[in-house]
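Please read these notes with the sequence and the structure open beside you. They are set out as numbered points, and each can be checked by eye.

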Amino acid sequence: MLKKNDAPADIEQSKRRSVSIAFGLERLGLIAVRAPILSCIILVVLVVAAVFGIQRIKIDDSLSQLFRSDTKEYRQYEQVTKRFPSTEYDVLVVVEGKTLLERANLEKIRDLVTDLQLVDGTRGLISLFSARQAPAPGKLPAALFPQELPEGADYDKFIETVKANEIIRGKLLSEDGTLALIVLSLEPAIVGNNKLNKTVTEIRKIMAEDLADTGLSKQLSGVPVMQLEIRNAVERDGLIYNVAGILAGCLIAILFFRKISFMIVAAFPPLLAILLALGVLGWAGFSLNMFLNVMTPLIMVISFSDSMQLTFAARDRLLAGEDRFSAFRNAVLVVGPACVLTHATAGISFLALQFSDSDLIRAFGEAGLAATIIALIAVLSLVPVFGVLLVRHEEVFAAKFKTADAGVNALRQFCAWIAVRMVGRPGLFSLIAVILVGGLAVVYANLEPRYRLADQVPDKQQAVEASGRLDAKLTGANPIDILIEFPKGQTLYSPETLQTIADVHSLVEKQAGVGNVWSLETLRRWLAEKAGSSDVATLQEYVGVIPEHLVRRFISADQTAVVVSGRVPDLDSSRILPVVDKLDGSLNDVRKAHPGYEIAVTGLSAIAARNSANMIQKLNHGLTIEFALVAIFIGLAFRSVVVMFACILPGIFPVVLSGTVLWALGEGLQFASVVALTVSFGLGLSATIHFLNRLRLETTPGTNAALAVERATVLVGPALILTTVVLACGLVVTVFSDLPSLRLFGWLSAFAMVAALVADLFILRPTAMWLINTAERLRGGKREKPAQ
């Protein structure tokens, strides 16, 4: 428990230091408190503007958003999606069951196909009913499925013919005849706006009605469905996190402060920081995506810690007899420098994300940096403003809580108990910390990059499950494309072009791991086998009668390029990359045989396989660089080599411990996890900085170092423990998300925050004590002077 004269002591100590560790930036918090009523009026205006800004935020549900960059591979991928806009707008209807090919069920599936073509916004449809019979000479081929299906033995024979059809076998109908794929192509305008939800809902309704009582399962997948599920999950999660963050902050504050006024002082500035930051992001044109969706809990993490520290400091001064104006002003002067420094280290963490090749992750870093600046200004300004306006009858408050502060006193006693033991044998505990962190770092270094498309899509919805069935029955749902661009002087139907397409098609078919291959060669082979015609005129005639939306799947509108399209299962990128590399290597023979033809392997699966591991490794290397930069930055701010070295082990510990947990769970290093660790490192240093700032104030000439460490621990420890609980609760609510990447981000960040508290209590204390003692011995007993 602080004595009455303890509170102003640190003010006098602070005054003796002519230069603040924050270079005076903490005094921004004193501007608003000079005119609190005017400040509140300005705040209301800003909140109204922020509300309008939030309404401008759009949702980016693109599956390729992680890999969006200014690289040659991504530009090529964008070119393919524009020239061959098929898979991007395809809804995959998956119908499965052992009785799929029974006569009655087949009739109902045909009714379903007919009704789906009438859905508003549909461009076209491909199904097993699209298959044709062998054409008679000089005539167009008739439909494989007659208007009236045969019965009895004739039906059984007909089904065998269907299962053997080269066009649909293994592509639109599984080999065992238990799964059928219907590809429904939507208009691009439908996919890109709010009409998508209505369209998908109508498709689901038709499926339920037409296939009722068939005993068949029916599911939807495909890019539009995944985008819609991502969009819905992001909107739903945003509401959950906002409510959870508000409730967690208010609950913890009211439990420990036991006064509504102090709850508002501690919890409302972070909540307003969230509102203002999101408003600024909306006005700045940021789109909500799977990473920016966690901006709400992150702002809470950044701002609530400092808000609690300021409120605790002011509360201690009120208990020591200061009036509310002096108490909150002095809290800003003493704790404010550490608040500025914690936000600065968080800003460095977000800046580190600029090393990523991903536009999405860089945008997340930019948004995080902007939110950090807004949160700093909001907390430094609003805590003292709310304090002087809401706190009343200071004398009554001080008299009441001096003897009835059980919760905070219990935390202080716990912190004192730890501090006494940690400073008792600092050398031993420091050695244990070095060995522990070193061992964990070895495990962390062995983490392998991981990426799966399914991790970016809600896994509690149909799309992922349906894709899994396609992986099992039709070799996969994820497209991989080989783009073939013709040289000048060559046309689509020139012999060399057709031979090039045939060679590429043949290689893709033979590539292990790739199936369901389609191209112009598919039609040419079918005509040669069934019609006995391999002349170009017949091929050109058939291409001319095929619906436009089907032709655009493999031939560009200007007929200067084609794609050979295959499918791969949704496996980890480390398993897809060898397939992509081997396929690309085997195409070198085709490139040599047909010079001038540009042949490239592309598609989202290829982009993800090639870029994900490299991007994750770059982010991880950036985190390693961040360790050194932040330590140097903090050392320069405190102008102390001891401080620089003291913050290294507690800063690294939560990262390597979290990485070890990932290794133990077999998770590997994913985009979400490396971003979580990068941000958590900067945020986790908040406890370290507040302790070191307090230790700096407690370390005066003639003061025993062990006593200074113990007092600093007792003074800042309760606020650190409370804020860690709030922050962990605010982040862990993401486990309720349908997005696997967001769940990983949330629980890993929460775990890292708790690990940071453990490091602050059990590693920082003995390490700082040992370094202080070592510095004394090196200087011959003269302890390093505080920053002047």
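**Notes on two sheets, a helix and some aromatic rings**

1. Both Tyr74 and Tyr77 are buried. The structure is a predicted model, and that applies to every point below. The two tyrosines belong to helix α4, where they are three residues apart, about one turn of the helix. Their ring centres are 5.7 Å apart and the ring planes meet at 50°, so this pair counts as tilted. A tilted pair is one whose planes are neither under 30 degrees apart, which would be stacked, nor over 60, which would be edge-to-face.

2. Helix α4 itself covers residues 72–83, which makes twelve residues. From first C-alpha to last it reaches 16 Å, close to the 16 Å expected at 1.5 Å a residue. Its buried residues are Tyr74, Gln76, Tyr77, Val80, Thr81 and Arg83. What do the buried residues of α4 pack against? They pack against the strands β7 (478–485), β9 (561–568) and β10 (598–602), and against helix α24 (604–638).

3. The strands β7, β9 and β10 lead to a sheet. This is an open sheet of four strands in the order β8-β9-β7-β10, with antiparallel pairing. Strands β8 and β10 are at the edges, and each pairs on one side only. From one strand to the next the twist averages 15°. As a general point, strands of a sheet pair through backbone hydrogen bonds, either parallel or antiparallel.

4. The pairings in this sheet can be followed strand by strand. β7 and β9 are joined in the antiparallel sense by eight bridges, and one place to look is Ile480, whose bridge partner in β9 is Gly566. β7 also pairs with β10, again antiparallel, over five bridges; here Leu483 has Ala600 as its partner in β10. Strand β8 (residues 515–518) pairs with β9 in the antiparallel sense over two bridges. Gly515 stands opposite Arg567 in β9, and Trp518 has Ser565 in β9 as its bridge partner.

5. Is β9 enclosed by the rest of the structure or exposed, and why? Eight of the eight residues of β9 are buried, so the strand is largely enclosed by the rest of the structure. Ala561, Val563, Ser565 and Arg567 point one way from β9, while Val562, Val564, Gly566 and Val568 point the other way. Both sets are buried. In β10, four of the five residues are buried, so this strand too is largely enclosed by the rest of the structure.

6. A second sheet deserves its own point. It is an open sheet of four strands, in the order β3-β4-β2-β5, with antiparallel pairing. The edge strands are β3 and β5 (217–221), each pairing on one side only. The twist in this sheet averages 20° from one strand to the next. Strand β2 (residues 90–96) runs antiparallel to strand β4 (residues 179–186), and seven bridges join them. Val91, for instance, has Leu184 in β4 as its bridge partner.

7. Helices pack on this second sheet. Helix α5 (residues 103–116) touches β2, β3 and β4, and its direction makes about 10° with that of β4. Helix α8 (residues 195–210) lies across β2, β4 and β5, running at about 165° to β5.

8. The aromatic rings are worth a further look. How many aromatic pairs are there? The count comes to seven, taking ring centres within 6.5 Å as the cut-off. Tyr74 and Tyr77, described in the opening point, form a tilted pair. Phe145 and Phe158 form an edge-to-face pair, with 5.3 Å from centre to centre and 85° between the planes. Phe145 lies in the loop between β3 (122–126) and α6 (152–164), and Phe158 lies in helix α6, so the pair ties together parts that are 13 residues apart in sequence. Phe145 and Phe158 are buried. Both belong to one aromatic cluster together with Phe129 and Tyr155.

9. Rings also take part in contacts with charged side chains. The charged end of Lys171 sits over the ring of Trp518, 5.9 Å from its centre. Trp518 is the residue whose bridge partner in β9 is Ser565. Elsewhere, Arg765 lies over the face of Phe691, at 3.8 Å from the ring centre.

Terms used
Residues are numbered from 1 along each chain as its sequence is written. This is a predicted model: local features need pLDDT of at least 70, side-chain atom pairs count only at pLDDT 80 or more; totals for chains, interfaces and linings use all residues. Side-chain values use heavy atoms; hydrogens and water are left out. The expected span of a helix is 1.5 Å times one less than its number of residues. Buried means under 20% relative accessible area, exposed over 50%, partly exposed in between (1.4 Å probe, protein chains only). Contact means heavy atoms within 4.5 Å. Two strands pair if DSSP finds at least two bridges between them. Rings of Phe, Tyr and Trp (its six-membered ring) pair if their centres lie within 6.5 Å; planes under 30 degrees apart count as stacked, over 60 as edge-to-face and the rest as tilted. A charge sits over a ring if NZ of Lys or CZ of Arg is within 6 Å of the ring centre and within 35 degrees of the ring normal. Axes are lines fitted to C-alpha atoms, for helices over the stretch in contact, and angles run from 0 to 180 degrees between N-to-C directions.
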